[in-house]
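Please examine the model below with attention to how its helices pack against one another. The paragraphs that follow treat the helix contacts in turn, together with selected residues.

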Amino acid sequence: EYPPGALPAIVLPALVTGTVHAYRIAFVAELALVGVVAVLLLDAVLRRLELPRRERILSLAVVALAPLLLGGVILTRFDLVPAAVVLAALALAVAGRRRAAALVVGVGAAVKLYPAILLPPLAIDAWRRGGRRELAIVLGLAVAPVALAYIAFFALAPDGVLDSLGRQIGRPLQIESV
């Protein structure tokens, strides 16, 4: 059901725990940490965009407090991971690090498909600033992590990979992803 890039976030708590109960606690702790990192990344984006301090603090407060509105669901799903990856890509993009942003977008797409939505603006920026060569580099950097993540799984279980992709494309964005 999940893309191959989701495995590290899902498996990591199992490596440090021995019971289902302990896994759940470790997973929630992992996601809480990812949430904190996401807020810090958002702060970096907003600072780079020179948002006035008051607006930046208000924006950060809304994002930081949103999990309270959603309840426990946000820490029991791995959706904060791709959200944090999107914020990392945005932070790199607004810092002018287009290639690194493209690579992170590729990692995000391997984790969950929706971060790929950032690729068109990155590609347009690459084309405008560096022409075809830069566009090819940016696209290659974005595609490489996806290809690396999927190739082994596709070789072992092509039907499973296609089913996973179909599920992701066919369903709407879940509330915890927003």
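At roughly what angle do the axes of helix H1 (residues 7-15) and helix H2 (residues 20-48) cross? In this predicted model, the two axes cross at roughly 130° and come within 8 Å of each other. Angles under 35 degrees count as roughly parallel, over 145 as roughly antiparallel and 65 to 115 as roughly perpendicular, with the rest oblique; H1 is therefore oblique to H2. The crossing of H1 and H2 is right-handed.

Which residues form this contact? From H1 come Pro8, Ala9, Ile10, Leu12, Pro13 and Ala14, and they meet Tyr23, Ala26, Phe27 and Glu30 of H2. By class, the residues of the contact of H1 with H2 comprise nine nonpolar, no polar and one charged.

Two of the H2 residues named in that contact, Tyr23 and Phe27, deserve a further look. The structure holds one aromatic pair. The ring centres of Tyr23 and Phe27 are 5.9 Å apart and the ring planes lie at 20°, so this pair is stacked; the relevant cut-off for stacking is planes under 30 degrees apart. Both residues belong to helix H2, where a separation of four residues corresponds to about one turn of the helix. Phe27 has a relative accessibility of 8% and therefore counts as buried, since buried means under 20% relative accessible area.

On the H1 side of the contact, Pro8 may be considered next. Pro8 lies in helix H1 and is exposed, with a relative accessible area of 54%. Along the chain, Pro8 is 103 residues from Val111, yet the C-alpha atoms of these two residues are separated by 9.1 Å.

After H2, the chain offers a point of backbone interest. Where is Glu50 found? Glu50 is in the loop between H2 and helix H3 (53-70), and this residue is exposed at a relative accessible area of 68%. Its phi is near 60°, a positive value in a residue other than glycine. Most residues other than glycine have a negative phi.

The later part of the chain brings further helix packing. Two packed helices are described by the angle between their axes and the distance between the axes. For helix H6 (residues 98-111) and H7, the axes cross at roughly 35° and come within 7 Å. This crossing, that of H6 and H7, is right-handed. The residues of the contact divide into 18 nonpolar, one polar and six charged.

Within helix H7 (residues 119-156) lies Pro120. Is Pro120 buried or exposed, or partly exposed? Its relative accessibility is 45%, so Pro120 counts as partly exposed. Pro120 and Leu139 are 19 residues apart in sequence, and the distance between their C-alpha atoms is 9.5 Å.

The last contact to consider is that of H7 with helix H8 (residues 158-170), where the helices pack at an angle of about 125° and the axes are 5 Å apart. At that angle H7 is oblique to H8. Tyr150, Phe153, Phe154, Ala155 and Leu156 of H7 make the contact with Pro158, Val161, Leu162, Leu165 and Gln168 of H8. In terms of class, the contact of H7 with H8 has nine nonpolar residues, one polar residue and no charged residues.

Conventions:
Residues are numbered from 1 along each chain as its sequence is written. This is a predicted model: local features need pLDDT of at least 70, side-chain atom pairs count only at pLDDT 80 or more; totals for chains, interfaces and linings use all residues. Side-chain values use heavy atoms; hydrogens and water are left out. Axes are lines fitted to C-alpha atoms, for helices over the stretch in contact, and angles run from 0 to 180 degrees between N-to-C directions. A crossing is left-handed if the near helix is turned anticlockwise from the far one by less than a right angle, and right-handed if clockwise. Contact means heavy atoms within 4.5 Å. Ala, Val, Leu, Ile, Met, Phe, Trp, Tyr, Cys and Pro count as nonpolar, Asp, Glu, Lys and Arg as charged, and the others, Gly among them, as polar. Rings of Phe, Tyr and Trp (its six-membered ring) pair if their centres lie within 6.5 Å; planes under 30 degrees apart count as stacked, over 60 as edge-to-face and the rest as tilted. Buried means under 20% relative accessible area, exposed over 50%, partly exposed in between (1.4 Å probe, protein chains only).
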